[in-house]
Amino acid sequence: MEKYQKITAIVSLGMMSLGVNAAPNVATDITPVHSLVSQVMAGVGTPDLLIQSGASPHNYSLSPSEAEALQEADLVFWIGEGLTPWLERSLDNLSPTSTKIELLEAQGTTTYAFREGATFGAHEDEDDGHEDEAHEDEHHHDHSGVDPHAWLDPANGKVWLDVIASALAEKDPENASQYLENAAISKAKIDTATLSIENTIAQLQDKQFIVFHDAYQYFEKRFGIMAAGSISISDASKPSPGRIAEIRQLVEDLSVSCVFTEPQYNPGIVNAVFGDTGVNTSGVIDPLGSGLVTGTNLYSNLLIEIAKGLQSCLGKK
């Protein structure tokens, strides 16, 4: 370790002598945020990922190396305490002087309140896409009322790219132009992915499906394909027997085509609940892209993979 520290110090001194400023130390919470920040920092630096791919962000314990990355961070980008309530204390204890950007609170972010109940009525999607304005004041100081899975709306991804670029530019003005240029390029990539998803989703209208946990309403409302209900609530906690009974009845009443599992959670509960109903339980969608390579391409690929996952099950005759 001592030898490594000496080498690092020598490299740092060499960069300073050449007039090269090291990029800020940046930490991010989940893989989609890490992807967005990686895109903005491309050619300048690489952010650290605190919650590793494949893990649930709702309950997580930082490893020593992750805690060290947080401790050394100049900037931290995270969704907010609604997704990772345990992280707020770590931020206060390990990174008290860092600049912390809570993306759910970023101006221009579309947010929705948690959906209530196991089933989602049609009235819930009859909005004009501006529910964030109606709830902005109500939830500004009450994160518990806001569904935190906002990265699944690509419009939010584009908003956050600008937020990320602005924060990085303020922290590292010498590379400001690179951050801003990268953000513009990345927004164009999201637009391309959005068009592809719209074409895929257009083939799946009026199909009835159930999701494992209520994480997808941002994707659903952006692309106009609504889940009929969810087995678990937004934090993926264990469903009650009453909720399971309600979902089973919904499957029967609506002739639901598919019940989707997620790779972070045991699919056994889906098979146990729906194994005798005849509904297709082979579909898999993932709000975090745990099967994807982390880094710059993950964000757009994640959204595209959700659309493909829906198509793979709902598109079957």
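**Notes on the cavities and the disulfide**

1. Let me start with the internal space: three cavities of 30 Å³ or more turn up. Please keep in mind that this is a predicted model.

2. The largest cavity holds about 60 Å³ of space. Its lining includes three histidines you may like to look at, His-58, His-149 and His-213. Ser-56, Pro-57, Trp-151, Glu-262, Gln-264, Tyr-265, Pro-287 and Leu-288 also belong to that lining. Sorted by class, the residues around the largest cavity are five nonpolar, five polar and one charged.

3. For the second largest cavity the space is about 50 Å³. Ile-30 and Thr-31 contribute to its lining, along with Ile-51, Gln-52, Ser-53, Gly-54, Ala-55 and Leu-288. Here the classes come to four nonpolar, four polar and no charged residues. Leu-288 is worth a click, as it appears in the lining of both the largest cavity and the second largest one.

4. Now to the cysteines. How many disulfides does the structure hold? There is one, formed by Cys-258 and Cys-313 with their sulfur atoms 2.0 Å apart. This pair links distant parts of the chain, 55 residues apart: Cys-258 lies in strand E7 (residues 258-259) and Cys-313 in helix H11 (residues 298-314).

5. On geometry, the link of Cys-258 and Cys-313 is left-handed, with -105° about the S-S bond.

6. Are the two cysteines buried or exposed? Cys-258 has a relative accessible area of 1%, so it counts as buried. Cys-313 is buried as well, at 4%; the cut-off for buried is under 20%.

Technical notes. Residues are numbered from 1 along each chain as its sequence is written. This is a predicted model: local features need pLDDT of at least 70, side-chain atom pairs count only at pLDDT 80 or more; totals for chains, interfaces and linings use all residues. Side-chain values use heavy atoms; hydrogens and water are left out. A disulfide is a pair of cysteine sulfur atoms within 2.5 Å. Helices (H or I, at least four residues) and strands (E, at least two) are DSSP runs, numbered from the N terminus. Buried means under 20% relative accessible area, exposed over 50%, partly exposed in between (1.4 Å probe, protein chains only). On a 1 Å grid over the protein atoms alone, a cavity is a set of points where a 1.4 Å probe fits but cannot get out, and a pocket is an open set with protein on both sides within 12 Å along at least five of seven lines; lining residues have an atom within 4 Å of a point. Grid points are joined across faces, edges and corners, and a volume is the space filled by probe spheres set on the points. Ala, Val, Leu, Ile, Met, Phe, Trp, Tyr, Cys and Pro count as nonpolar, Asp, Glu, Lys and Arg as charged, and the others, Gly among them, as polar.
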